[in-house]
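Hi,

Here is the structure I promised to pass on. Have a look at it first, and then read my notes below.

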Amino acid sequence: ILTQLFGEAASAVTLTSIKGAVGEFGAAGGLTAIAACLALHEGAVPPLCHLRRPPAVRGLRLAPPTAESRPLRSALLLSLARGGAASALLLRRSSE
């Protein structure tokens with residue numbers, strides 16, 4: 001679905017998750033939003049923690065196991081919960 005959403009730009013999108021570092025609990029969504037804001041501010045993609053064998057994802061790029069410095073313009077947070085609930089939040093870096 002993400003390759004359809006981003007089209008040819010999909011290979012420039014880096015997928016990451018902090019779930020391996022913070023776990024799954026009630027405030028994890030809030031921590032994810034804070035981490036995304038910090039990533040946009042600092043210009044660094046958070047690493048994928050505890051992922052020993054990354055799956056092959058055609059057309060998409062997984063974050064490395066260490067933080068990656070790069071200019072970031074936006075972050076898309078996707079959250080899926082038990083029972084089929086889902087949410088999305090798009091954050092964009094201010095132009096200042």
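To call something a disulfide here, we need a pair of cysteine sulfur atoms within 2.5 Å. Keep in mind that this is a predicted model. With that rule, the count is 0 disulfides. C37 is in no disulfide, since the nearest cysteine sulfur belongs to C49 and sits 19 Å away. Looking from the other end, the sulfur of C49 has C37 as its closest cysteine sulfur, and 19 Å is too far for a bond. As for the surroundings of these two, C37 is partly exposed, with a relative accessible area of 41%, and C49 is partly exposed too, at 29%.

Now for the helix α3. It runs over residues 28-42, so 15 residues in total. From its first C-alpha to its last it reaches 21 Å, close to the 21 Å expected at 1.5 Å a residue.

Which residues of α3 are buried? They are A28, A33, A36, A39 and L40. These residues are on the same side of α3, because they cover an arc of only 145° around the axis. And what do the buried residues pack against? Their partners are three strands: β2 (44-45), β5 (74-80) and β6 (86-92).

Turn the helix around and you'll find L38, H41 and E42, exposed residues on the face of α3 that points away from its buried side. One last thing to look for is G43, just after α3, which takes a positive phi of about 70°.

Cheers

Methods
Residues are numbered from 1 along each chain as its sequence is written. This is a predicted model: local features need pLDDT of at least 70, side-chain atom pairs count only at pLDDT 80 or more; totals for chains, interfaces and linings use all residues. Side-chain values use heavy atoms; hydrogens and water are left out. Helices (H or I, at least four residues) and strands (E, at least two) are DSSP runs, numbered from the N terminus. The expected span of a helix is 1.5 Å times one less than its number of residues. Buried means under 20% relative accessible area, exposed over 50%, partly exposed in between (1.4 Å probe, protein chains only). The arc is that of the directions from the helix axis to the C-beta atoms. Contact means heavy atoms within 4.5 Å.
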